[in-house]
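The exercises below are meant to be worked with the sequence and the coordinates open side by side. Each task is followed by a solution that proceeds step by step.

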Amino acid sequence: MLKLADLLKELNLPKNKWTPVPQNELDAFKEQIFQLIDTAYASIGGHPNYKNADDVEKEASDTDFEVIDLDDTPGIDAVDAFKNTPAGVKFVATGQNGSKAAKSAVVNRKAQLLKQRGYYVEVSGKIKDIFLAKGVQPVDDEATVRKVLKGKEIEWHGDGTYTRNIAGELKKKMLLGKPKV
């Protein structure tokens, strides 16, 4: 069995650079990726699509993962999960090890990308407020949100927010970014 340091060498994980995890190497990193996602979503009871490490592989059929190593210790410090959709790149999960550097890396990277055409995210709570404070635009047009979320049933609230069923639970969300529609 390979040690983590050997796996990271195989991935050629450079310091301080977001690096895609190839699908054929995802199995070797699924536990670490899950732990990072679990840490990021712990305060809200976890991510609805990532309950264990096997869910990383399950979601991988239509999800890509990028990781970053920020410090001197071997290992991934943060992860972004995203899907390519007709409306662009949709961020679907994030993960970090709890360090200030990892939290900042994920938030700042996403905020920067969400200001570019073709990137978007559904958010609520604290992260919504953080992205709005960083100048990420809300998508407050109901027709646009419905196009982006084509096939999803939503209840529009008239203020840029909507409620929809996510993993069996009704969640109030806001679409942020610049989707291509």
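**Exercise 1.** Does valine 121 count as buried or exposed, and at what relative accessibility?

*Solution.* Before starting, note that this is a predicted model, in which local features need pLDDT of at least 70 and side-chain atom pairs count only at pLDDT 80 or more, while totals for chains, interfaces and linings use all residues. Residues are numbered from 1 along each chain as its sequence is written, and side-chain values use heavy atoms, with hydrogens and water left out.

Step 1: locate the residue, which is in strand S5 (residues 119-123); helices (H or I, at least four residues) and strands (E, at least two) are DSSP runs, numbered from the N terminus. Step 2: apply the cut-offs, by which buried means under 20% relative accessible area, exposed over 50%, and partly exposed in between (1.4 Å probe, protein chains only). At 5% relative accessibility, valine 121 counts as buried. Step 3: list the contacts (heavy atoms within 4.5 Å). Leaving aside neighbours within four places in sequence, valine 121 is in contact with Phe91, Leu114, Phe131, Met174, Leu175 and Leu176. Step 4: for a distance, take asparagine 49, which is 72 residues from valine 121 in sequence and 15 Å from it in space, C-alpha to C-alpha.

**Exercise 2.** Describe the surroundings of phenylalanine 65 and of threonine 94, beginning with the strand in which each lies.

*Solution.* Step 1: phenylalanine 65 lies in strand S2 (residues 64-68) and is buried, with a relative accessible area of 2%. Step 2: not counting residues up to four places away in sequence, phenylalanine 65 touches a set of residues that includes Thr19, Pro20, Leu26, Ile33, Val79 and Asp80. Its C-alpha atom is 10.0 Å from that of phenylalanine 91, a residue 26 positions away in sequence.

Step 3: threonine 94 lies in strand S4 (residues 88-96) and is buried, with a relative accessible area of 14%. Step 4: leaving aside neighbours within four places in sequence, the contacts of threonine 94 are Leu36, Ile37, Ala40, Tyr41, Val79, Asp80, Val106 and Lys110. Val79 and Asp80 thus appear among the contacts of phenylalanine 65 and also among those of threonine 94. Step 5: the C-alpha atoms of threonine 94 and leucine 132, 38 residues apart along the chain, are separated by 17 Å.

**Exercise 3.** At which residue does helix H2 bend, and which of the residues of H2 are buried?

*Solution.* Step 1: helix H2 (residues 26-41) bends by about 30° at glutamine 32, where the bend is the angle between axes fitted to the seven residues ending there and the seven starting there. Step 2: the buried residues of H2 are Leu26, Phe29, Lys30, Gln32, Ile33, Phe34, Leu36, Ile37 and Tyr41, so that glutamine 32 itself belongs to the buried set. Step 3: recall that an α-helix has 3.6 residues a turn, so residues three or four places apart point the same way.

**Exercise 4.** Where do asparagine 16 and alanine 167 lie, and what is the sign of phi in each?

*Solution.* Step 1: asparagine 16 is found in the loop between helix H1 (4-11) and strand S1 (19-20), and its phi is near 60°, a positive value in a residue other than glycine. Step 2: alanine 167 lies in the loop between strand S7 (161-166) and strand S8 (169-177), and its phi, near 55°, is likewise positive. Step 3: for background, most residues other than glycine have a negative phi. Step 4: asparagine 16 is exposed, at 53% relative accessible area, and alanine 167 counts as exposed at 52%.

**Exercise 5.** How many helices and strands does the protein chain have, and in what pattern do they follow along the sequence?

*Solution.* Step 1: the secondary structure comes to six helices and eight strands. Step 2: read along the sequence, the pattern is α-β-α-α-β-β-β-α-β-α-α-β-β-β. Step 3: of the 181 residues of the protein chain, 45% count as buried. Step 4: among contacts with a separation of 6 or more, residues 24 or more positions apart account for 54%. Step 5: along its principal axes the C-alpha trace spans about 55 × 30 × 30 Å.
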